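Biologist: I have a two-chain model open and some questions about it. Can we go through them in turn?

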Amino acid sequence: MLLFIFRRLSVLIPTFLGVTLLTFGLIRMIPGDPIEVMVGERTLDPVMHAEAMHRLGLDKPLPAQYADYLTNLLHGNFGESLITRDSVWHEFTTLFPATLELATAAMIFAVVVGLLAGVVAAIKRGSIFDHGVMGISLTGFSMPIFWWGLILIMFFSVKLGWTPVSGRLDLAYDITPRTGFMLIDSWLAERADPSANAGAFVDALKHLILPAIVLGTIPLAVIARMTRSSMLEVLREDYVRTARAKGLSPARVIFIHTLRNALIPVLTVIGLQVGTLMGGAVLTETIFSWPGIGKWLIDAISRRDYPVVQNGILIVATLIIVVNFIVDILYGIANPRIRHAK
Amino acid sequence: MMSLLTIKNLSVAFGNPANPFRAVENMDLTVNQGEIVGIVGESGSGKSVTMMALMGLIDAPGRVTADELSFDGKNLLKMSARERRKIVGKDIAMIFQDPMTSLNPSYTVGYQIMEVLKVHQGLRGAALKQRALELMEMVEIPAAKSRLDAYPHQLSGGMSQRVVIAMAIACNPKLLIADEPTTALDVTIQAQIMELLVNLQKSQNMALIMITHDLAVVAEVADRVAVMYAGQVAELGRVPELFRQPAHPYTEALLSSIPEHSKGAERLSTLPGIVPGQYDRPSGCLLSPRCPYAQERCRAERPLLTPSANGSVRCHFPLIAQPVEIRDRKVAQ
């Protein structure tokens, strides 16, 4: 098992290098530099511009800048924002819990509903339920996230008034962040001071529910379809017939003998969806004014805030890589044949 | 003596009800306690489907109908699925063709054997493990204790089949169905597995239904044999007699295609043509397009399974006509 982990780890180094090169290159391809953007439409003295660029080290040739960047990274230095002068790492850790909370809620929604729908669709293959689930998930998969978000806001927030339109919590509440997860923080605050913070938890939940559904829709569709096809494949396996011939109950046959094996490809897909989730978070956070890293990165790009873009994306990419790595290991646990492969 | 298993007029149909494909048609079979019955026939003749129907493993859109399907005095047709599962895997157990795919790759061998014992006998803890070990020793798995925690992919085909057999005999079944248990194995392992099955059948006093392509195996171990063709029983009879004097042209053709029976011949004897499919089933006898003895009546009218010299036969003109002959022969023996 250790060897397995090491082998997987060694593949990661080129991936990291690729990410740094890509973000470094792409952000510099966008016309304009941080100083120009900061100054805006006012005319800029070329001498002052050059001076400012020199101060930021942006006048050096690109390979030298890249080398500086990598050296800093190797020292664990993510740099500081050109705009706020706050360290990138600090900004990230402040904003990340909001994204994590949203992504977790979206993933729980997608996995629970997706697995259930996929399993039932596979068992009742060809039924109305099966066609319904597959139709809906195809629609969900093809739907643009921003449009879907707006439709839900229009219906549930504006027309029915069930949920708030944006943000994480009503302005009436003043809650000290402890974990960064609004659901937990509001619950703690409500317990500590029930009179001042009455209803804070429910309010936080109401704020979370629509963005989570919007963000979870595509993963949900993918998971449901993958679960269904994987289940159908495994249901045809000889060992499922053996399980039935042993006189086991249908629930045992499905959940112990079929789902466990069917989960292997689904796990991979769930891991891959973490990437989709981060991409979707950018849009979802923008639509719902959710103060997370998606919104942070979008703002950084428009300000040409090189350190924030480069390192923010690197941190996000690292997270995705780590999640996929964990999935790889889970894969080994779920499937003994992989674990034992030499 | 009341038979252990009685199948009367069993049919299994697939496809749309207006024009179904009958994988098994008017199947009759009885199996007595402690008896070995062979079922032979080529691929697609309905051998396995019949047994799957008996096990209750035919799913919609497949449809199973029968006049009688009873086991050990119990009517399987009238049972709920839940009641039936109490018999399946316990009193009737089945082993399958390919042992490498018959075991769940995600669970240890021990878990899969113990699962049967847990579900049907409610064994727990040390007794459960003890019994699993005992079973693995019964099927002659060497170093059983260390194999308990092995995963199926760590075992050879022969070992896997022994595990499958251990699972099947876990609850001392009264009837064991072996569906081509040796087809996927090496020749040397085939003999071992077959010997193991026959020994277990004797020591446990089980009835054994042996589905196979291998006529030599049937000749060696079975008491009676059912020859199937295109979803029907063509001939049913006691083993030495049926092999010595087949009453059905199809049985005769099968026997003459055995290499040992064709010594000196340039080519093996064959029956021209193929088994009829869904759309080219003749209205008369199903064998009539291929039968060297076919006459006008064969092409017009389907024969029924009727008593013959050695058992029963589905043929208008059986090759040995009269029961008289058998009486003479029996006296002679």
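Modeller: What follows covers chain A, the interface and the salt bridges, and this is a predicted model.

Biologist: Start with chain A. How many helices and strands are there in its secondary structure?

Modeller: Chain A comes to 15 helices and 0 strands. Its C-alpha atoms fill a box of roughly 85 × 60 × 40 Å along the principal axes.

Biologist: And what share of its residues count as buried?

Modeller: Of its 342 residues, 44% count as buried. Chain A exposes about 17,600 Å², with carbon and sulfur atoms supplying 70% of that area.

Biologist: What part of the contacts in chain A with a separation of 6 or more comes from residues 24 or more positions apart?

Modeller: Those residues account for 74% of such contacts.

Biologist: Pick a residue early in the chain. Is Leu3(A) buried or exposed?

Modeller: Exposed, because its relative accessibility is 56% and the cut-off for exposed is over 50%. Leu3(A) is in helix H1 of chain A, residues 2-10.

Biologist: How far apart are Leu3(A) and Pro194(A)?

Modeller: They are 52 Å apart in space, C-alpha to C-alpha, and 191 residues apart in sequence.

Biologist: Change of topic, the interface. How many residues of each chain are in contact there?

Modeller: On the chain B side 27 residues are in contact with 21 residues of chain A. The two chains bury about 2,300 Å² between them, and 54% of this is on carbon and sulfur atoms.

Biologist: What about polar contacts and salt bridges across it?

Modeller: The rule finds 15 residue pairs in polar contact across the interface, both residues at pLDDT 80 or more. Three elements of chain B each give two or more residues to the side that touches chain A: helix H1 (47-55), helix H3 (99-102) and H4. H4(B) has the largest share, 6 residues. By class, that side of chain B has 13 nonpolar, 10 polar and 4 charged residues. As for salt bridges, the rule finds 3 between the two chains.

Biologist: Which residues of H4 of chain B should I look at?

Modeller: His120(B) is one of them, in helix H4, residues 109-121. Its side chain reaches the backbone oxygen of Lys246(A) at 2.7 Å.

Biologist: Is His120(B) buried or exposed?

Modeller: Buried, because its relative accessible area is 14% and the cut-off for buried is under 20%.

Biologist: Leaving aside neighbours within four places in sequence, what is His120(B) in contact with?

Modeller: In chain A, the contacts are Lys246(A) and Gly247(A). In chain B, they are Arg85(B), Lys86(B), Val88(B), Gly89(B), Lys90(B) and Cys171(B).

Biologist: Now the salt bridges. Which residue pairs with Glu115(B)?

Modeller: Arg252(A), with the closest N and O atoms 2.8 Å apart. The pair crosses between chains, from helix H4 of chain B to helix H12 (residues 250-287) of chain A.

Biologist: How accessible are the two ends?

Modeller: Glu115(B) counts as buried at 0% relative accessibility. Arg252(A) is partly exposed, at 22% relative accessible area.

Biologist: Why do such pairs form in general?

Modeller: Side chains of opposite charge can pair when their charged atoms come close.

Biologist: Which residue forms a salt bridge with Asp59(B)?

Modeller: Arg244(A) does, and the closest N and O atoms are 2.8 Å apart. Asp59(B) sits in the loop between H1 and strand E4 (63-65) of chain B and Arg244(A) in helix H11 (residues 238-245) of chain A, so the pair joins two chains. Both ends are partly exposed: Asp59(B) has a relative accessible area of 43%, and Arg244(A) has 25%.

Biologist: How many salt bridges does the structure hold over all chains?

Modeller: There are 18 over all chains. One within chain B joins Glu25(B) and Arg302(B), with the closest N and O atoms 3.5 Å apart. Glu25(B) is in strand E2 (residues 21-31) and Arg302(B) in the loop between helix H12 (296-300) and strand E12 (306-307) of chain B, so the pair ties together parts 277 residues apart in sequence.

Biologist: And which residues are in the network formed by salt bridges that share partners?

Modeller: Arg22(B), Glu25(B), Arg281(B) and Arg302(B) are joined into one network. Within it, Glu25(B) is buried, with a relative accessible area of 10%, whereas Arg302(B) counts as partly exposed at 29%.

Methods: Residues numbered from 1 in each chain as written. Chains lettered and ligands numbered in written order. Heavy atoms only, no water. Helix = DSSP H or I, 4+ residues; strand = E, 2+ residues; numbered from the N terminus. Buried < 20%, exposed > 50% of the residue type's maximum accessible area, 1.4 Å probe, protein only. Polar contact = N/O pair within 3.5 Å; in protein donor to acceptor, adjacent residues only side chain to side chain. Contact = heavy atoms within 4.5 Å. Buried area = accessible area lost by both parts, 1.4 Å probe. Salt bridge = Lys/Arg side-chain N within 4 Å of Asp/Glu carboxyl O. Nonpolar A, V, L, I, M, F, W, Y, C, P; charged D, E, K, R; others polar. Areas by Shrake-Rupley, 256 points an atom, 1.4 Å probe, with all protein chains shown as cover.
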